[in-house]
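The following exercises ask the student to read a protein structure step by step. Each task is followed by a worked solution.

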Amino acid sequence: MPEVVLAEGTLTSCTFLDDVEAVAVAVGSPVDGDDELQPRAGTVDASLLYGIDLAELAERAAFSGAAGTTHTIDLPRVHVGSAASLPWAGLPHRIVFVGVGRETTSDLRRAGAALARAARGLGRVLTPLAATPHGSATRAFVEGYLLGAYVPVKLSAEAPADGPARELVLIGDGDQSALDSAVQSAWATWLVRDLATVPSNIKSPEWFADRAVDLATAEGLTTTVLDVPALEAQGFGGILAVGRGSSRPPRLVTVTYAPVDGGSGQHVVVVGKGITYDTGGLSIKPREAMVPMKTDMAGAAVALAAVLGASRSGSPHSVTAVLPLAENHVGAGSYRPGDVLRLFGGTTVEIANTDAEGRLVLADALAFADATLDPDVLVDVATLTGAASVGLGRGHAALFSADDALVAALEAAGRETGEPVWHMPLVEDYAPAVASTVADLRHVPADPPGGGAVTAALFLRSFVGERRWVHLDIAGPSRAAARKHEVSAGATGYGARLVLRLLETLD
C-alpha cells in the first residue's frame, strides 16, 4: 500500500513543497439556494500560495464539486516570450481539484478514492483535505484513498500500469489514531481482495491454509491446521463430503489472537466460508456462473483479515478465525443429492443440492466453534446464497441475528465503513422447511417457501447452540462487475472493515 502521513501546518507554511509533485485541494458541491462551488479552507490557502484564484479556475473548468470527481490542472512553467517569473515558480505545477460534495463520510471516502486514481504514477502528493481534528473525516478520506489505490493481482507479462502515488501527505491538524485505523482497515481489505483474486489453479485449500499460517506466524499468532485424517477422526462430515470430489483435499484452519495483557474483552470467533472453487458438484453450475467462483472463499479471507487486523491494532478482544477450506468439484468421490451426512457433533443432514455446499462447511465449523472454543460472540461470513443478492442487490449484505445489540452494532459499523448491511428476519414459520424425514435436518428445503437466504440462515442456526450469533451473507457485495468509487472491480474485499469496526465498538 502507499504511505499516508500527517504533517502539521498549512499549505502556506509548508517547507518541503519542492519534493511534492501535486497539490490536491477540496471543492464542495453548491449548497441549496447558491449556485456557486464551495471552496474549502485548503483551496483558499492554495490560492494564496499560488497567487491565483483556484476556485475561479474550478468554475471555468465546469467542475461540479460532486463527491468522487476530480479535475487536474497543470500550470505553465514559464511565460511565453517573457523572462518574468510566475507567482507559482518553485511550487508543484500540478493541482488536483477533488470533489467532496457535502463532506459526509461517504462523500469523503469517495473523494479519497478519486484522488488515488488521479494521482497514479506520481511520487509525493500533498493535500489539506480531511486533515482535521474530526477523526471520522480523516478516517473516511484515508480509507477511500487507500482502497482506491488498490492494484489487483495480475499474472501477465505485460508491463504493469501506473501504481498509486508513493506517498500522500495530509497537512493540517489531523487525527493520527484515525489515520492509523484507516490504514489497518484498508490493509485488511487489500488482503481479502488479494486472496480472492488469486486463480483457483493456484489457490487450493492447502495453499490457502499455508498462506494463513504464514501471515499468522508473522504476527505471532497461534494456528492449527486439520488435514483429512484429523477431520475424519473428529467427525467433520460436511467439510469432508464437499472436498471429496476434488484431487486437492480440504483443510480446517484456526488462527487465534489473544491480547498481550490478557485483555478484559470478549472472545469473538469469526467463521468464514472457504470454498476455494465451486463447480456446484454433481448439481453442476451453468458455465457462466462458474466464472467468478474463485472468490467463493471471500468469507474465509474476511475471517483471516479480522484476526490479523485485531492483532495489528491491539484489540482488547480475543479473536479466533475458523476457516473451513474445500473445493467443490465433480469426481468419483463426489457427494450426491440424497446422501445423509453426519456433521461435527453428530447432527445428520440430508443433501438435496450439492451446490449448497457452503452451509455444510459452515455448519461443521460453527458446531466446532460452539463445542470447543467457547465464544462470547460467534460471527459467520459467507458468500452463501444467490437469494441474498437478488433481494438486496450488490450494495448490502444480508444480516441475520436475534441479538438486537449485535444487529445495532453492525448496522452502525456498516454506516461508518461504507459496507452496509440489511437486517433480515429469521422467519420461524419457515423453520419446518429445513426438517428432514430421513435425517435431523435437510440443508435445502424440499418445498421451498421462498426466502432462500432466510432458510439457509435457519439451517445454520441449528449449529450455534445458545451463543450470541450473527450470520452475514455477503454474496452480493463481495464481487463487483465494475469499479465504482472505493469499490474495486472483481473481488471487493467487503466485510473486512465491517468486522474490524464491530471489534472496535464491541463492549
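## Exercise 1: A salt bridge between two helices

Glu504 and Arg139 join their side chains in a salt bridge, with an N to O distance of 3.0 Å. The model is predicted. Task: state where the two partners lie, and whether each is buried, partly exposed or exposed.

Solution.

Step 1. Glu504 belongs to helix H15, and Arg139 belongs to helix H4, residues 135-148. The two residues are 365 residues apart, and the pair links distant parts of the chain.

Step 2. Glu504 has 40% relative accessibility and therefore counts as partly exposed, since that class lies between the limits of 20% and 50%.

Step 3. Arg139 has a relative accessible area of 13%, so this residue is buried.

Step 4. Both residues also take part in a network of salt bridges, whose members are Arg109, Arg139, Glu143, Glu416, Glu419, Arg497, Arg501 and Glu504. The count for the structure comes to 24 salt bridges. As a general point, side chains of opposite charge can pair when their charged atoms come close.

## Exercise 2: The two roles of Arg312

Task: identify which carboxylate residue meets Arg312 in a salt bridge, and over which ring its charged end sits.

Solution.

Step 1. The side chain of Arg312 meets that of Glu219 in a salt bridge of 3.7 Å, N to O. Glu219 is in the loop between helix H6 (205-218) and strand S8 (222-226), whereas Arg312 is in helix H10, residues 298-313. The partners are 93 residues apart.

Step 2. Glu219 counts as partly exposed because its relative accessibility is 27%. Arg312 is partly exposed as well, with a relative accessible area of 34%.

Step 3. The charged end of Arg312 sits over the ring of Trp187, at 3.8 Å from the ring centre. Another arrangement of this kind involves Arg193, whose charged end sits over the ring of Tyr150, 5.2 Å from its centre.

## Exercise 3: A salt bridge between two loops

Task: locate Arg467 and Asp374 in the chain, and classify the accessibility of each.

Solution.

Step 1. The closest N and O atoms of the salt bridge between Arg467 and Asp374 are 2.8 Å apart. Arg467 lies in the loop between helix H14 (452-461) and strand S19 (468-473). Asp374 lies in the loop between helix H11 (358-372) and strand S15 (377-382).

Step 2. Arg467, at 23% relative accessibility, counts as partly exposed. Asp374, at 52%, counts as exposed, because the limit for that class is over 50%.

## Exercise 4: Two buried residues

Task: describe the surroundings of Gly493 and of Ile171.

Solution.

Step 1. Gly493 is placed in the loop between strand S21 (490-491) and helix H15 (496-505). Its relative accessibility is 4%, so Gly493 counts as buried.

Step 2. Residues up to four places away in sequence are set aside; Gly493 then touches Thr189, Val192, Arg193, Glu419 and Ser478. The C-alpha atoms of Gly493 and Leu147 are 9.5 Å apart in space, although 346 residues separate the two in sequence.

Step 3. Ile171 is part of strand S7 and is buried, with a relative accessible area of 3%. Beyond its neighbours within four places in sequence, the contacts of Ile171 include Ala7, Glu8, Gly9, Leu126, Thr127 and Pro128. From Ile171 to Thr127 the C-alpha distance is 6.0 Å, and these residues are 44 residues apart along the chain.

## Exercise 5: Surface and backbone

Task: name the members of the nonpolar surface patch that includes Leu155, and state what is notable about phi in Ala62 and Glu103.

Solution.

Step 1. Val153, Leu155 and Ile202 form the patch, with about 260 Å² of accessible area together. Leu155 lies in the loop between H4 and strand S7 (167-171), and its 64% relative accessibility is why Leu155 counts as exposed.

Step 2. Most residues other than glycine have a negative phi. Ala62, however, has a positive phi near 60°, and Glu103 has a positive phi near 65°.

Step 3. Ala62 occupies the loop between helix H2 (54-60) and strand S4 (70-74) and counts as exposed at 65% relative accessibility. Glu103 is in the loop between strand S5 (94-101) and helix H3 (105-118); its relative accessible area is 39%, so Glu103 is partly exposed.

Notes
Residues are numbered from 1 along each chain as its sequence is written. This is a predicted model: local features need pLDDT of at least 70, side-chain atom pairs count only at pLDDT 80 or more; totals for chains, interfaces and linings use all residues. Side-chain values use heavy atoms; hydrogens and water are left out. A charge sits over a ring if NZ of Lys or CZ of Arg is within 6 Å of the ring centre and within 35 degrees of the ring normal. Helices (H or I, at least four residues) and strands (E, at least two) are DSSP runs, numbered from the N terminus. Buried means under 20% relative accessible area, exposed over 50%, partly exposed in between (1.4 Å probe, protein chains only). Contact means heavy atoms within 4.5 Å. A salt bridge is a side-chain nitrogen of Lys or Arg within 4 Å of a carboxyl oxygen of Asp or Glu. Patches are made of residues with over 30% relative accessible area and no salt bridge: like charges are joined within 9 Å, nonpolar side chains (Val, Leu, Ile, Met, Phe, Trp, Tyr) within 5 Å. Accessible areas come from the Shrake-Rupley method with a 1.4 Å probe; for residues, only the protein chains shown count as cover.
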